[in-house]
Amino acid sequence: MVAVCLGNPYKLQYKWQQLCEELAGLLKKSLNGETVRVYSTMAKPALGPEDVMVYVVPNEEMGRVAEHFDVRDGGNALGCTFTGEKSASEVYIDSEYAGEKLPPDYVAKLIWHEIAHNKSRLGNHKMHRGHGLLQAFVRSRDGLTSDDIKFMRKHIHAQVRQWTGGFDFGAPP
Ligand SMILES: [Zn+2]
C-alpha cells in the first residue's frame with residue numbers, strides 16, 4: 001500500500017485534515033480501488049518502500065529541500081523536487097503577495113505535481129505538459145486530465161528512497 005507523508009517541520013497551523021482528504025481524492029483516481037493513506041507529521045516518519053514524502057513549508061527561503069540540495073529557483077515556484085540517490089519534494093503554502101496560506105484544494109494539486117516528479121524521477125522538461133496538473137505552473141483552477149491520471153498510475157508504485165533529513169535542521173526561527 002502506498003502512503004503519502006506530508007512533512008510539517010515548522011509545525012504550521014493548517015487545514016491538514018482537509019488537505020489530506022483532497023490529496024487522497026486526486027491520487028485515488030490512479031489507484032484502481034486500492035487505498036492510499038495520506039497523513040501529516042511534525043516528526044521524522046518511518047516510510048515503507050512505496051511511500052513518498054512531501055514537505056509543506058511556508059516559502060522557498062524556508063525550504064528544507066531547496067536549502068539542503070541547493071535547488072533554489074528564486075522565482076515564483078510553488079514547489080520543488082530533487083531527484084537523486086534519495087528524492088525530496090516540498091511545496092510552499094504562503095502566497096507571495098498576500099502572505100496568506102494557499103487553500104487546501106490548491107495545495108493538494110501542487111503536492112500531486114511534486115509526487116509526480118518524485119515518483120517518475122523526471123525533471124521539468126521531460127514531465128511537464130501544456131495543461132492539467134503536469135504543467136509547469138499549476139493554477140488553482142487546473143484539474144486532473146486523463147493523461148495525468150494515467151501518468152500517476154504508471155509511477156505511483158515506484159520504489160523511490162525518500163530524504164527524511166528535513167527534520168534534522170535546527171529549531172525554526
Ligand atoms: Zn514541475
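This note covers the sheet of a predicted model and the helices that pack around it.

1. **Sheet order.** The sheet is open and has 5 strands. Their order is β2-β1-β3-β5-β4, and the pairing is mixed.

2. **Edges.** β2 (36-41) and β4 (79-82) are the edge strands. Each has a single partner strand, so one side of each lacks a neighbour in the sheet. On average, neighbouring strands are turned by 20° against each other, direction ignored.

3. **The β1-β3 pair.** β1 spans residues 2-7 and β3 spans residues 52-57. The two strands run in the parallel sense and share 4 bridges. For a specific register point, take V4: its bridge partner in β3 is V52.

4. **Helices on the sheet.** α1 packs on the sheet and touches β1 and β2. The direction of α1 makes about 150° with that of β2. α3 also packs on the sheet, where it touches β1, β3, β4 and β5 (88-92). The direction of α3 makes about 160° with that of β5.

5. **α1 against α3: geometry.** α1 covers residues 16-28. The axes of α1 and α3 come within 8 Å and cross at roughly 50°. That angle makes α1 oblique to α3, because it falls in neither the parallel, the antiparallel nor the perpendicular range. The crossing of α1 past α3 is right-handed.

6. **α1 against α3: residues.** From α1, the contact uses Q18, L19, E22, L23 and L26. From α3, it uses P104, D105, V107, A108, I111 and W112. By class, this contact has 8 nonpolar, 1 polar and 2 charged residues.

7. **α3 against α5: geometry.** α3 (residues 104-120) also packs with α5 (residues 146-155). The angle here is about 40°, and the axes are 9 Å apart. α3 and α5 are therefore oblique to each other. α3 passes α5 in a left-handed crossing.

8. **α3 against α5: residues.** A116, K119 and S120 of α3 meet F151, M152 and H155 of α5. These contact residues divide into 3 nonpolar, 2 polar and 1 charged.

9. **α3 as a shared element.** Three sets of partners are worth viewing together. α3 touches the sheet at β1, β3, β4 and β5. Its residues P104, D105, V107, A108, I111 and W112 meet α1. Its residues A116, K119 and S120 meet α5. The handedness is right-handed for α1 past α3, but left-handed for α3 past α5.

Technical notes:
Residues numbered from 1 in each chain as written. Predicted model: local features only at pLDDT ≥ 70, side-chain atom pairs only at ≥ 80, totals over all residues. Axes fitted to C-alpha atoms, helices over the stretch in contact; angles between N-to-C directions. Parallel < 35°, antiparallel > 145°, perpendicular 65-115°, else oblique. Left-handed = near helix turned anticlockwise from the far one by under 90°. Contact = placed C-beta atoms within 7 Å. Nonpolar A, V, L, I, M, F, W, Y, C, P; charged D, E, K, R; others polar. Pairing = 2+ DSSP bridges.
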